[in-house]
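Trainee: I should like to learn how to reason about helix packing and charged pairs. May we work through an example together?

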Amino acid sequence: MKYIVTFAGPPGSSKTPIANYLSEKFNLPIFNHDSIRTEVTEDLLKFDEEEFRKRSFIRLSSLFEQGDSFILDVSIDREWKNYQDKAQNSHYKIFTISLDLSRNYLIKLYKAKRYLESLKNIDKFILDHQKYLSEYSSMVNLSIKDNNFKKRLTLSEQTLTSWLKNNGS
């Protein structure tokens, strides 16, 4: 079975640590927008949105063509339909982890990680996530909340393991 692990949630809500943990546990490659964004900035000595989109499209298309399971370490909140269509057209099953953290918890995370720019956009990030959940909550396999955040790694591993057993992998 081909599958993709996806994440819904505001920037800075712990997608990358979970992705890295699951990558190690399940030996899955990671597709990460942040790495491509950094690469473009370093190559051009400035960020270029068009170049970023081009490289992202090429790399993601290559992963789908290879046909291996992988982790999509991006926030699917605003672009879910595009990812969902691409996955379904390539016959992938989708496992989604949603990071449903409160505004107060996100503020604490942002301050701890020194994401001061993200603090300025926190309400927009939360709204984007709420819009995603209002339309696609039935597709979420695991919801990480304030009360289980510290167990997010083991919960993700356990829930994905169970999902894989139930879906024939």
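Trainee: Is Glu51 buried or exposed?

Mentor: Please note that this model is predicted. The relative accessibility of Glu51 is 19%, and the cut-off for a buried residue is under 20%. Glu51 therefore counts as buried.

Trainee: With which residue does Glu51 form a salt bridge?

Mentor: Glu51 lies in helix H3, which spans residues 49-66, and its partner lies in that helix too, three residues away, or about one turn of the helix. The closest N and O atoms of the pair are 3.4 Å apart, and a salt bridge requires a distance within 4 Å. At 45% relative accessibility, the partner counts as partly exposed. The partner of Glu51 is Lys54.

Trainee: Which residues are joined with Glu51 and Lys54 into one network?

Mentor: The network arises from salt bridges that share partners. Besides Glu51 and Lys54, the network contains Glu39, Asp43, Arg55 and Arg59.

Trainee: How many residues apart are Arg78 and Asp128?

Mentor: Arg78 forms a salt bridge with Asp128, and their closest N and O atoms are 3.5 Å apart. The pair links distant parts of the chain: Arg78 is in the loop between strand S3 and helix H4, whereas Asp128 is in helix H7. Arg78 is exposed at 51% relative accessible area, while Asp128 is buried at 10%. Along the chain, the two are separated by 50 residues.

Trainee: How far apart are the closest N and O atoms of Asp123 and Arg103?

Mentor: Asp123 in helix H7 and Arg103 in helix H5 also link distant parts of the chain, being 20 residues apart. Asp123 counts as partly exposed at 47% relative accessibility, and Arg103 is partly exposed at 38%. They form a salt bridge in which the closest N and O atoms are separated by 2.7 Å.

Trainee: How many salt bridges does the structure hold?

Mentor: The pairs discussed above include Glu51 with Lys54 and Arg78 with Asp128. For the structure, the number of salt bridges is 14.

Trainee: What word describes the orientation of H1 to H8?

Mentor: The axes of H1 (residues 15-26) and H8 (residues 152-166) come within 10 Å and cross at roughly 50°. An angle of this kind is neither under 35 degrees nor in the range 65 to 115. H1 is therefore oblique to H8.

Trainee: How many nonpolar residues does the contact of H1 with H8 have?

Mentor: In H1, the residues in contact include Ile18 and Leu22, and those they meet in H8 include Leu160 and Leu164. By class, the contact has three charged residues, three polar ones and, as nonpolar residues, eight.

Note on methods:
Residues are numbered from 1 along each chain as its sequence is written. This is a predicted model: local features need pLDDT of at least 70, side-chain atom pairs count only at pLDDT 80 or more; totals for chains, interfaces and linings use all residues. Side-chain values use heavy atoms; hydrogens and water are left out. Axes are lines fitted to C-alpha atoms, for helices over the stretch in contact, and angles run from 0 to 180 degrees between N-to-C directions. Helices (H or I, at least four residues) and strands (E, at least two) are DSSP runs, numbered from the N terminus. Angles under 35 degrees count as roughly parallel, over 145 as roughly antiparallel, 65 to 115 as roughly perpendicular and the rest as oblique. Contact means heavy atoms within 4.5 Å. Ala, Val, Leu, Ile, Met, Phe, Trp, Tyr, Cys and Pro count as nonpolar, Asp, Glu, Lys and Arg as charged, and the others, Gly among them, as polar. A salt bridge is a side-chain nitrogen of Lys or Arg within 4 Å of a carboxyl oxygen of Asp or Glu. Buried means under 20% relative accessible area, exposed over 50%, partly exposed in between (1.4 Å probe, protein chains only).
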